[in-house]
Amino acid sequence: MNDQTRPAAPVDAELFKRPWIFIRGVPAMKFLPPEGPPEIAFAGRSNVGKSSLINGLVRQSGLARTSNTPGRTQELNYFVPDGYSGAAGDLPPMALVDMPGYGYAQAPKEQVDAWTRLVFDYLRGRVTLKRVYLLIDSRHGIKKNDEEVLTLLDKAAISYQIILTKTDKIKAAGVPRLIEETLLKIKKRAAAFPVVLATSSEKNEGMDELREAIALVVNGG
Ligand SMILES: Nc1nc2c(ncn2[C@@H]2O[C@H](COP(=O)(O)OP(=O)(O)OP(=O)(O)O)[C@@H](O)[C@H]2O)c(=O)[nH]1
Ligand SMILES: [Mg+2]
């Protein structure tokens, strides 16, 4: 360890109380930062609530841009805790990666193809990607294009966990049943972490469980 090197902050739920910053938007694989800190990515259909969930996690409502209109996030957006120069020896302890959504048919085909390629290439090929959170809208459940992403992750042996979003939009009594149904659907999938998280960014629910789950993954648990 030289003078410029300091140990990274431990990754625990406290890390999410610190300010987080946007460091880079990646429109294509060649613009990815060098592989360094562990990355946790948020994937899912357009409008499922990926960017809102990241804001909820770090308690900063305007950090990741959100929108009512699907197709808001168009690059792989990197967020890290503030206070690290990014130089060797002073890297942040982890990064959160907000991804463009898939399955948005209204955008021009070329754009949709480019996003889809970027999402799939990143998921398949990123060595420092430690876990993918695959977001599923509580009202819609797992769709065909979600299944394709799950299959890709199983084949690439990338650990993933399902997060149900927008639970405030369904009856509270329906949530446990939806969790059970979702668990049944992923039971035979090799890379699926066998716990389904239920969240509402709107009502700030499920965030502590998610923070703890992320800390465990980053710490190698
Ligand atoms: N009711 C409710 N609405 C939510 C929740 N999370 C997100 N939304 C709304 O859903 C819409 C889409 O949210 P985003 O976070 O932009 O979704 P996204 O998955 O990042 O979308 P793209 O970047 O377009 O793929 C916005 O209008 C949000 O306010 C939630 O927990 N409850
Ligand atoms: Mg988004």
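A residue counts as buried here if 20 or more other C-beta atoms lie within 10 Å of its own, as exposed if 12 or fewer do, and as partly exposed in between, with C-beta atoms placed from the backbone. Keep that in mind as you click around. What you have open is a predicted model, where local features need pLDDT of at least 70 and side-chain atom pairs count only at pLDDT 80 or more, while totals for chains, interfaces and linings use all residues. Residues are numbered from 1 along each chain as its sequence is written, and chains are lettered from A and ligands numbered from 1 in the order in which they are written.

**Stop one: the ligand**

Select ligand 1 and show what is around it. You should find 23 residues surrounding ligand 1, the closest being G49, S52, T66, T73 and G101; to be near it, a residue needs its C-beta atom, placed from the backbone, within 6 Å. Colour that shell by type and you get two nonpolar, 15 polar and six charged residues. For this colouring, Ala, Val, Leu, Ile, Met, Phe, Trp, Tyr, Cys and Pro are nonpolar, Asp, Glu, Lys and Arg are charged, and the others, Gly among them, are polar.

**Stop two: helix α1**

Which helix gives the most to the shell around ligand 1? Select residues 50–58: that is α1, and it supplies three residues. Helices (H or I, at least four residues) and strands (E, at least two) are DSSP runs, numbered from the N terminus. Nine of the nine residues of α1 are buried, so the helix is largely enclosed by the rest of the structure. Just past α1, click R59, which has a positive phi, near 55 degrees.

Now go back to K50, inside α1. Is K50 buried or exposed? It counts as buried because it has 30 C-beta neighbours inside 10 Å. Beyond its neighbours within four places in sequence, K50 is in contact with F42, G44, T73, D98, M99, G101 and L135, where contact means C-beta atoms, placed from the backbone, within 7 Å. Try V97 as well: it is 47 residues from K50 in sequence, yet their C-alpha atoms are 9.7 Å apart.

**Stop three: the sheet**

Switch to cartoon view and trace the open sheet of seven strands, in the order β1-β3-β4-β2-β5-β6-β7 with mixed pairing. β1 (20–26) and β7 (197–198) are at the edges with a single partner strand each, so one side of each has no neighbour in the sheet. Strands pair if DSSP finds at least two bridges between them.

Zoom in on β5 (residues 129–137), which runs parallel to β6 (residues 160–165) and is joined to it by six bridges. On its other pairing, β5 meets β2 (residues 39–44), again in the parallel sense over six bridges. Click L134 in β5: its bridge partner is A43, and it also stands opposite I162 in β6. Eight of the nine residues of β5 are buried, leaving the strand mostly covered.

Add helix α4 (residues 174–186), which lies across β5, β6 and β7 at about 150 degrees to β6; axes are lines fitted to C-alpha atoms, for helices over the stretch in contact, and angles run from 0 to 180 degrees between N-to-C directions.

**Last stop: two loops**

Select K166, in the loop between β6 and α4. K166 is not a glycine, but has a positive phi of about 55 degrees. Then try N204, in the loop between β7 and α5 (207–218), also a non-glycine, with a positive phi of about 60 degrees. K166 is buried, with 23 other C-beta atoms within 10 Å, whereas N204 has 12 such neighbours and counts as exposed.

Conventions: Contact = placed C-beta atoms within 7 Å.
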